[in-house]
Amino acid sequence: VLSDANKQEIHHVAELIKAHAEAVGADALARLFELHPQTKTYFPNFSGYHATDAPVKAHGAKVINAVLKAAEHLDDLPKHLEKLATKHGHELLVDPHNFVLFSDIIVVTLATRLPTFSPATHRAIDKFLEELVHQLSSKYR
Ligand code: ZNH
């Protein structure tokens, strides 16, 4: 459960990266493809898998904007993420283990880009993404 202090940390980080959603998303996605090449198979039509490639930028922006939107719904995450969870669980059929891999990579990406990344910030982001991953994984049956 997110404390009020956690929520403040999350809102603060969201505010900082809002203007850079595409760059952050492309960086995170490129790291996912580099560290876990098997994840590229979900995107067979991509023309490239680096942060400078157009499809990586476009999809990275989409995903990070969804994370930013979720940060505005910390008190009703399950309801807010229900549609997206159903899409991943019933239609896209992404192995939910990949959500865990990706959330760890988002944390690293943020740590490399934010001016400071205190243990308290780290913990708040980690708890938030854990909850997000839990919800995204909730519609596999
Ligand atoms: Zn996902 C899609 C989000 C993870 C795979 N995604 C998507 C979208 C979104 C998202 C928003 C769009 C939808 C619509 O359109 O309706 N994701 C997300 C998030 C996350 C994720 C938030 C976490 C954090 N995904 C993921 C992973 C993977 C994926 C990990 C693998 C690896 N997705 C995917 C796919 C898709 C998506 C395949 C589809 C794409 C296209 O088709 O375009």
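Helices α4 and α6 lie oblique to each other, because an angle of about 50° falls outside the ranges for roughly parallel, roughly perpendicular and roughly antiparallel. Their axes are 8 Å apart. On the α4 side, the contact is made by Leu 77, Pro 78, Leu 81, Leu 84, Ala 85 and His 88. On the α6 side, Glu 131, Leu 132, Gln 135 and Leu 136 take part. By class, this contact has seven nonpolar, two polar and one charged residues.

All of this comes from a predicted model. Over residues 1-141, the chain is 70% helix and 0% strand, and its end C-alpha atoms are 24 Å apart. An unreviewed UniProt entry lists the same stretch, residues 1-141, as "domain: Globin".

Let us turn to the ligand. There are 18 residues around it, and Thr 39, Tyr 42, Ala 66, Asn 98 and Phe 102 come nearest. Helices α3 (54-71), α4, α5 and α6 (119-136) each give two or more residues to this shell. The shell divides into 12 nonpolar, four polar and two charged residues.

Three single residues are worth a visit, and the table shows where to find them.

| Residue | Location | C-beta neighbours within 10 Å | Exposure |
|---|---|---|---|
| Lys 69 | helix α3 | 13 | partly exposed |
| Leu 93 | loop between α4 and α5 | 10 | exposed |
| Ser 103 | helix α5 | 20 | buried |

Start with Ser 103. Is this residue buried or exposed? Ser 103 counts as buried because it has 20 C-beta neighbours inside 10 Å, and 20 or more is the cut-off. Leaving aside residues up to four places away in sequence, Ser 103 touches Leu 129 and Val 133. Ser 103 and Asp 126 are 23 residues apart in sequence, with their C-alpha atoms 8.1 Å apart in space.

Lys 69 belongs to helix α3. With 13 C-beta neighbours inside 10 Å, Lys 69 counts as partly exposed, since that number lies between the limits of 12 and 20. Lys 69 and Ala 14 are 55 residues apart along the sequence, but 9.0 Å apart in space from C-alpha to C-alpha.

Finally, look at the loop between α4 (77-92) and α5 (97-113), where Leu 93 is found. Leu 93 is exposed, because 10 other C-beta atoms lie within 10 Å and the cut-off is 12 or fewer. What is the phi of Leu 93? Leu 93 has a positive phi of about 55°, although it is not a glycine. Most residues other than glycine have a negative phi.

Definitions and conventions
Residues are numbered from 1 along each chain as its sequence is written. This is a predicted model: local features need pLDDT of at least 70, side-chain atom pairs count only at pLDDT 80 or more; totals for chains, interfaces and linings use all residues. Helices (H or I, at least four residues) and strands (E, at least two) are DSSP runs, numbered from the N terminus. Two residues are in contact if their C-beta atoms, placed from the backbone, lie within 7 Å. UniProt positions are given in the numbering used here, feature names are shortened, and annotations may be inferred rather than shown by experiment. A residue is near a molecule or strand if its C-beta atom, placed from the backbone, lies within 6 Å of it. Ala, Val, Leu, Ile, Met, Phe, Trp, Tyr, Cys and Pro count as nonpolar, Asp, Glu, Lys and Arg as charged, and the others, Gly among them, as polar. Axes are lines fitted to C-alpha atoms, for helices over the stretch in contact, and angles run from 0 to 180 degrees between N-to-C directions. Angles under 35 degrees count as roughly parallel, over 145 as roughly antiparallel, 65 to 115 as roughly perpendicular and the rest as oblique.
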